[in-house]
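User: I should like to learn how to read a protein model step by step. Please examine the one shown here with me.

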Amino acid sequence: KTIVAHLQPWAKAKMDATNGNADDTGAVCLPDGVFRNPPFAGRFLWLPTKDHITMVFHEVNTAGVRRIYLNREHPRNLRPTWNGDAIGKWEGDTLVVDTIGFNDKSWLMSAMEPHTEETHMIERMRPVKDGAYFEIVTVVEDRHALTSAYTYTRYYKKQKDEITENICGDAIDIWKDWRNQALKPQLERARQVK
């Protein structure tokens with residue numbers, strides 16, 4: 001589902017000006033942030049401790065490692081990052097995660113909808129169906145890029161097998177093909193300008 005109807009005019013214009021893979025950081029083996037993941041990562045480890053929860057994703061170049069702190073507030077003067085600063089609190093069996101401090105280099109969803117550093121994300125994470133599945137209900141707000149907040153829900157089946165590390169650049173031939181396809185329109189424009 002695309003959220004184009006919820007984009008501010010400048011954000012729609014930026015989305016229209018994107019160049020497919022060339023502007024898709026994930027397609028050229030760069031980080032692509034937390035908004036598009038874990039759907040593409042598909043699998044993650046949930047590593048709880050007393051002070052924080054660490055989510056380690058199967059796709060290393062996507063969200064990579066995400067930390068949800070349970071014993072503090074958001075720091076002042078956050079340096080914007082790909083995954084932002086996440087703090088959580090338990091409400092029964094549901095972890096409510098509040099995340100701010102994102103950089104503006106990633107895209108919302110997979111259709112390359114832009115956002116700003118003002119993006120705010122609230123997630124409600126909980127086990128469902130007797131713990132066989134994990135549900136994440138996400139609300140994304142960004143008054144500068146979106147006309148209104150939007151919500152989506154994802155479900156993940158609990159896996160018993162180990163997850164393997166999947167690094168984009170390991171499949172070098174595939175990565176080179178993606179990169180070449182991504183850069184082809186830019187190289188063609190450069191040839192025309194000469």
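Analyst: Read from the start of the sequence, the chain follows the pattern α-β-β-β-β-β-β-β-β-α. Helices (H or I, at least four residues) and strands (E, at least two) are DSSP runs, numbered from the N terminus. This is a predicted model, in which local features need pLDDT of at least 70, side-chain atom pairs count only at pLDDT 80 or more, and totals for chains, interfaces and linings use all residues. Residues are numbered from 1 along each chain as its sequence is written, and side-chain values use heavy atoms, with hydrogens and water left out.

User: How many helices and strands are there in the chain?

Analyst: The pattern α-β-β-β-β-β-β-β-β-α already lists them in sequence order. The count for the chain is two helices and eight strands.

User: In what order do the strands lie in the open sheet, and which are the edge strands?

Analyst: Two strands pair if DSSP finds at least two bridges between them. The open sheet has eight strands with mixed pairing, in the order β1-β2-β3-β4-β5-β6-β7-β8. Pairing on one side only marks the edge strands, which are β1 (44-48) and β8.

User: How many bridges join β7 to β8, and what is the bridge partner of F134 in β8?

Analyst: Strand β7 (residues 133-141) runs antiparallel to β8, and eight bridges join them. In β8, F134 has as its bridge partner Y156.

User: Which residue in β6 stands opposite D98?

Analyst: Strand β5 (residues 94-100) and strand β6 (residues 120-128) are paired in the antiparallel sense over five bridges. In β6, the residue opposite D98 is I122.

User: Which side chains of β8 point to the buried face?

Analyst: In a regular strand the side chains alternate between the two faces of the sheet. Buried means under 20% relative accessible area, exposed over 50%, and partly exposed in between (1.4 Å probe, protein chains only). Along β8 (residues 150-157), T151, T153, Y155 and K157 point to one face and are not buried, while the buried side chains on the other face are Y150, Y152, R154 and Y156.

User: Is F44 buried or exposed?

Analyst: The relative accessibility of F44 is 17%. Buried means under 20%, so F44 counts as buried.

User: How many aromatic pairs are there, and why is the pair of F44 and Y156 called edge-to-face?

Analyst: Rings of Phe, Tyr and Trp (its six-membered ring) pair if their centres lie within 6.5 Å; planes under 30 degrees apart count as stacked, over 60 as edge-to-face and the rest as tilted. By this rule there are four aromatic pairs. The ring centres of F44 and Y156 are 5.6 Å apart and their planes stand at 75°, so this pair is edge-to-face.

User: How many residues apart are F44 and Y156?

Analyst: F44 belongs to strand β1 and Y156 to strand β8, so the pair links distant parts of the chain. Their separation is 112 residues.

User: Which residues form one aromatic cluster?

Analyst: Y156 is buried, with a relative accessible area of 10%. Together with its partners Y156 forms one aromatic cluster, whose members are F44, W46, F134 and Y156.

User: Where is K129 found, and how far apart in space are K129 and K157?

Analyst: K129 is found in the loop between β6 and β7. With a relative accessible area of 66%, K129 is exposed. K129 and K157 are 28 residues apart in sequence, and their C-alpha to C-alpha distance is 9.9 Å.
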